[in-house]
Amino acid sequence: MSHRYWLAVYTEDTWNEFIAHGADVAGFPLRRRKSVRAMKRGDHLVFYVMGLKRLVGIAKIVGGPYESDEQIWVSGDYPLRVGVDLSVQAPSPEQGVHITELLSELDLFERRGDLSSWGVRLRGTPKVLSDSDGQAILAALHKALSGSASTLHTEAQYLLLKLGADLGLDVYVAVNDRSRLYGDVPLSSMPRVVDSLPQSLPGKAAEVIRYVDVLWFEDDAVVAAFEVECTTDISRGWGRMADLLACQPNLSIPHFIVAPGERREKVRREVNRPALRRLGSMGLQQEYVRYIPIEEMRVEIFRLGSNLRGAGRTWILDRISEEVVTRL
């Protein structure tokens, strides 16, 4: 059975008390016993703050359900509880996603934008959301976190840097993107981001690779290279790889094109053009060229949570990527 998304409606006070306690325990009243008992580890809670009418976070259920009389909420008794890991959170409740922005997208509201009584659909929580609703809310929160000045490109870099660090790898962001912000976090200040490339790289190769969008390192060796192509010409990244191979032939670094799902067929067409055969003749093998759809990567990383170190990077990359090369 797949993991489910549950809508949890809080007041601004109960949300703030939840955060103040450490955002690790979510509570519900006794009258919701049947719903809470149906929650499973690996399910996700989608938090909505009434009054503000905003979706403010998503947490993974990691423990319970259980009952407790420990006082967490001053504003009410919520003895039915689950342990949670809050992985997506708006900087403040006021900066969450306003529910009216999603009325026409969510199954919860029958995908209708004009619902005079839409608030009724939010009663009786916790309630199960469709998988598509959960993913739409997750995407909307990530978009809100990225800020108006940031882009999907920055979100993809953020996710790749976080994933690499969670796997215990050192990570590198392109020199021209180090000052980019995801929310209020500079990419260069994220965990395990290195300031410079290993000295073992030849001078010309180092000059080329410093502009690759994201790199993963293990023991000073590059173990994966990622080019994010949201709107730019996909051949841009291939040109950089060709330059890199010219400096260091038979390079066996797995190379990933990261792009929105709507560009999947364009990626396939581009990487199968004759120019790719030139990369093959220079030593780039078919198994080292794969495509990662950003939307699916976002959801998969969220589902996996922080329990990644034992998984191994090959397993993770195979899980979030797909083959696109049909010939070399």
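Me: What covers the buried residues of α10?

Reply: In this predicted model, the cover over the buried residues of α10 includes α4 (152–166) and α9 (294–304), together with the strands β11 (214–218), β12 (221–228), β13 (255–259) and β14 (289–293).

Me: Which residues of α10 are buried, and what puts them on the same side of the helix?

Reply: In α10, which spans residues 313–320, the buried residues are I316, L317 and I320, a term that requires under 20% relative accessible area. These three cover an arc of only 95° around the axis, and therefore they lie on the same side of α10. In general, an α-helix has 3.6 residues a turn, so residues three or four places apart point the same way.

Me: Why are β4 and β5 called paired strands?

Reply: Pairing requires at least two bridges, and eight bridges join β4 to β5 (residues 80–89), so the two antiparallel strands are counted as a pair. One of the partnerships sets G63 against G83 in β5.

Me: What makes β4 and β6 a pair as well?

Reply: β4 and β6 (residues 97–98) are joined in the antiparallel sense over two bridges, and because at least two are needed, the pair qualifies. In β6, H98 is the bridge partner of R54.

Me: How many bridges join β3 to β4, and which residue of their hairpin takes a positive phi?

Reply: Six bridges join β3 (residues 44–49) to β4 (residues 54–67), and the strands run antiparallel, with L45 partnered by A59 in β4. The hairpin has four residues between the strands, and G51 takes a positive phi near 85°.

Definitions and conventions. Residues numbered from 1 in each chain as written. Predicted model: local features only at pLDDT ≥ 70, side-chain atom pairs only at ≥ 80, totals over all residues. Heavy atoms only, no water. Buried < 20%, exposed > 50% of the residue type's maximum accessible area, 1.4 Å probe, protein only. Arc of directions from axis to C-beta. Contact = heavy atoms within 4.5 Å.
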